[in-house]
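Please look over this note on the pockets of the model before reading further, and keep the structure open beside it while following each point.

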Amino acid sequence: IPSTIQARNTIFEIWNSSLFLIHYLALPGLIYIVYSLVKNLRIVPQGAFTFCSWVLVIISVTILSVELDSTIAQIGATPQNYEDLVYDVRTFGYPILWGLLAMFLMIWGLRAKEVLLRKISLAFFAFIILKFYISDIWLMSQTGRIISFVALGVILLLVSFLIQKIKNLIKDDHETDKE
């Protein structure tokens, strides 16, 4: 990943940044590969399935985070504001992206009744909250803190709603099994 970031920086500094749009041609192929891996992941043993699921999610989140960096830099970066823009994306954009991905995993885990996806989702929520309180909150302005706390509150309310829904699903499954 550092070589990818360095290549992006070089393209923005030396070449015309419109050349960077070429890399988006690889995204449909990457999406197809991830889709194929997810579709065929069930054929591996349970221990390997858990490990592969975690690795696949981490790699996907990493790729999407770098793509968020690149896309925001492509849209609004100038040589004067490039470093500040990338810093803002990493401080504010990453947690929002990760929260949306964790929410997607939670919903997917609920619909598919897949416990592992829900666990991965909860782990990502915990990571986002830790990152937020350990580093991000101390670097933000007062307005940024207020907005971030409100967004975090909304995310936590949604997660608690989803967890309650999980409890109801588990309860319904146990009642169905007893009958």
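The points below take up the pockets one after the other.

1. As a caution at the outset, this is a predicted model, and every value in the points that follow was computed from it.

2. The largest pocket holds about 760 Å³ of space, and its lining is made up of 28 residues. To find the middle of this pocket in the structure, look for Val34, Val38, Leu56, Ser60 and Trp108, which are the lining residues that lie nearest its centre.

3. Which helices build the lining of the largest pocket? At least two residues each come from helix H2 (27-40), helix H3 (46-76), helix H4 (82-112) and helix H5 (115-139), and it is H3 that gives the most, with 10 residues.

4. In its chemical classes, the lining of the largest pocket consists of 23 nonpolar, 2 polar and 3 charged residues.

5. The second largest pocket holds about 260 Å³ of space. This pocket is lined by 13 residues, and those closest to its centre are Phe92, Pro95, Ile96, Ser148 and Ala151.

6. Two or more residues of the lining of the second largest pocket come from each of H4, H5 and helix H6 (142-178), and here H6 gives the most, with 6 residues. A reader tracing the helices may note that H4 and H5 supply residues to the lining of the largest pocket and also to that of the second largest pocket.

7. How does the lining of the second largest pocket divide by class? There are 10 nonpolar and 3 polar residues, with no charged residues in this lining.

Note on methods:
Residues are numbered from 1 along each chain as its sequence is written. This is a predicted model: local features need pLDDT of at least 70, side-chain atom pairs count only at pLDDT 80 or more; totals for chains, interfaces and linings use all residues. Side-chain values use heavy atoms; hydrogens and water are left out. On a 1 Å grid over the protein atoms alone, a cavity is a set of points where a 1.4 Å probe fits but cannot get out, and a pocket is an open set with protein on both sides within 12 Å along at least five of seven lines; lining residues have an atom within 4 Å of a point. Grid points are joined across faces, edges and corners, and a volume is the space filled by probe spheres set on the points. Helices (H or I, at least four residues) and strands (E, at least two) are DSSP runs, numbered from the N terminus. Ala, Val, Leu, Ile, Met, Phe, Trp, Tyr, Cys and Pro count as nonpolar, Asp, Glu, Lys and Arg as charged, and the others, Gly among them, as polar.
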